[in-house]
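Dear colleague,

Please find below the structure I am handing over to you, together with its sequence. My findings follow directly after it.

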Amino acid sequence: MKKLLSLLLISISLKSFGQINIIPQPASVKQPKMAGSFTITASTKIVLEGNNLENSANFLNDYLQEFYNLKLEVTKKATGKNSIILNYDRLDIGKGAYNLSVNNNEVYIGGDNEEGVFYGVQSLIQLLPIPSGNQTAGSLKIPFVSISDHPRFAYRGLMLDCGRHFFPVSFVKKYIDYLALHKMNYFHWHLTEDQGWRIEIKKYPRLTEVGAWRNGTIIGRFPGTGNDGEKYGGFYTQEEIKDIVKYAAQRYITVVPEIEMPGHGSAAIAAYPYLSCFPDKSTKSEYPAKCAWAGDTTGKQVIQSWGVYNDVFCAGKEETFSFLQDVIDEIIPLFPGQYIHVGGDECPKTHWKICPNCQKRMKDNNLKDEHALQSYFIQRMEKYINSKGKTLVGWDEILEGGLAPNAVVMSWRGEAGGIEAAKQKHNVIMTPTTYVYFDYSQTKNEDSVVIGGFLPLEKVYNYEPYPKELTAEQAKYITGVQANLWTEYIKYPSKVEYMIFPRASALSEVQWSPKEKKNWPDFQKRLETQFKRYELWKAHYSKAIYDLKMSYREAAKSGIEITLSTKDKSGLLKYEYAGYHYPMKYTQPFVIEKSGTVNAFYYHHNDLVSTTSQKFSFNKATAKKINLITPTADSYPGDGAFTLVNGVQNEKGLAKSEEFLGFNGTNCEALIDLGNVQQISTVTAHVFDQPGSWIYRPKYFQVSISKDNTEYTSMGTSDIFNTTANTGNGTMTVNQKSVAARFVKVKLGNYGTIPEGMPGAGSNAWLFVDEIEVN
């Protein structure tokens, strides 16, 4: 019957009979020339023609019962008509492949293995009609269709950080369901951090008695406006871990535990201070001065703020390795998957450089520097993990000093680490910040605190994981793609959902769908239906796809030209500006020539779905000609040189990182043409200072002026940084009695190489500049 049906199906435009809204997009979707449907009712049976397919049947039945109030009989006996048949098909197109066909009599799902059948069930679920409101369906019509499908990547993952904020077992299971519904197969579980240890280790009870709890948490964005002083934490018992791992396995999802080492170990050190290079050195003594502290200030404590800390596991003590090996011994029986993630990222070497034990270890093992010591640390732990039959996974810093022989690399600092590891014939999972860090803002109109950055839905969707720098043979080592959700500013499950949706849906298409099948306009159409599924699941999600964008540039004559736009073209745009008493309908770009706030509104189906507002502060340099003498770093280009004279002064720090020009290890130099010779007395640079993010205030601010752009004289130099807020925003100003000038040349000196004892020690400092004022 299946062969006969396949012959009757032809490939036609899906628009003819309505779009099949499946995410991720299957490899092949065909509809018959004559449209029709199969109806699921209470009398429909789920028939298991293959063995060991109960997981798929149960998942489907649970879904039908929860969202449609339907529960179907599951049987192993063929019933003829009115059946949903689960079986095996011989498919030679990769593990996880399946066929799905719907005709008048049955739904047939045939997978190449159990996983394939399960993925076919996920596609069937997306063929179900979506009830509105509290309505439940007594019968469900499924359109005739034939699908042949298989995954592009073997590793399709999503990470949840439960170290910085703890989430209950019930939500972790829901998170795993979200992965399953998107055909993902790896749940990366970040379980230990400076801010909390989340997994029971019976040999070391203080890890959860002490390490799982902090005495308070900073309020707001780092460095914070205070400390809530509330004891916070939690942990998972080993029985709860087993339950979650079993729950995931029933959905063909492997759980990858992450136990951070050698950095991010402050919570463990708080429980067992001997793990530190300096057990008697208090945590508070190295805590950021601008961050408020709550509770006991003596001894080792669980960290109450965010960022990277110097108190790491001591690489010179045998006790450190004994401890970590004991932890691994208890971890391995809980997680049957192949991978053990050890972190390996963001490990300051400050303590190691002055620790007698670490220096002795280096001398005894002929290690040339502390990077080689970290390599020794990771390679030693890898040998132990390998001896237990497991594979070590680490962030791309494990490349530094030499890569462990069998390690898998997660490339997060861009793709360079992944490229290098693949060239060394190591398996790689791509997870670069620029495409798949879901803690980054997904809208420029963000109304809650996020870590910074900007990662819109379309950028996630358009990610291509195979770097062009690799040959076809080298690219075989790119085994998969993963997105990460770090939770510094994510305390509640509702915000977790908001941050991952709909970007997780876009990610699933990167992970699963053939490259040639990806189509952004088509995905946007399918997303309308996906939004209804989120609502059916009662999941929070972002509507940033409807975002109203306000862009600005130098106007043709004078002032700033404002343009409003949205990706959705079916709605209505309105705006208001100083002098208007009510919103005006937007039809074309308009020009502003004085300080004020522009408010804009976008209506979709008569509902207000997006607003944006921007304050503009005019001065003599606003919208004037400007040239950058030194280029920005590629990752923080802002809006080019115009960023410095666009009248926009950053007020939200990294939450609006696109408002900065970023310079990594280099100075910022620019030349402004005021258009004519005029009197000036003050030049002010708006800059940013957030050492925890390796962003440091300039060493100096230097201003030179000229009437003819030939002969320049110094207007002055300042090294004074002025700030009235705790956000990191500040100014540097050069003053002089009124002088005549047309050309203003500014130079902001980069902090240079970050010194020992400071966040990012040994690396180039970032210099962030957002506006130059001339008055």
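In this predicted model, a barrel is closed by 8 strands, which follow one another in the order E11-E12-E17-E18-E19-E20-E21-E22 with parallel pairing. From one strand to the next, the twist averages 30°. Helix H4 (residues 169-181) packs on this sheet, where it touches strands E11 (155-161), E12 and E22 (478-485). The direction of H4 makes about 145° with that of E12.

Within the barrel, strand E12 (residues 186-190) runs parallel to strand E17 (residues 254-261), and 5 bridges join the two. Phe187 stands opposite Val255 in E17.

Antiparallel pairing is found further along the chain, around strand E36 (residues 729-748). Strand E33 (residues 668-688) pairs with E36 in the antiparallel sense over 16 bridges, and Thr684 has Thr733 of E36 as its bridge partner. Strand E34 (residues 701-706) also runs antiparallel to E36, to which 6 bridges join it; here Gln702 stands opposite Lys747 of E36.

I also looked at the pockets. The second largest pocket has a volume of about 520 Å³. It is lined by 26 residues, of which Pro288, Ala289, Pro691, Gly692 and Pro759 are the closest to its centre. By class, the lining of this pocket comprises 14 nonpolar, 7 polar and 5 charged residues.

With kind regards

Definitions and conventions. Residues numbered from 1 in each chain as written. Predicted model: local features only at pLDDT ≥ 70, side-chain atom pairs only at ≥ 80, totals over all residues. Heavy atoms only, no water. Pairing = 2+ DSSP bridges. Helix = DSSP H or I, 4+ residues; strand = E, 2+ residues; numbered from the N terminus. Axes fitted to C-alpha atoms, helices over the stretch in contact; angles between N-to-C directions. Contact = heavy atoms within 4.5 Å. 1 Å grid on protein atoms, 1.4 Å probe; cavity = no way out; pocket = protein on both sides within 12 Å on 5 of 7 lines; lining within 4 Å. Points joined across faces, edges and corners; volume = space filled by probe spheres on them. Nonpolar A, V, L, I, M, F, W, Y, C, P; charged D, E, K, R; others polar.
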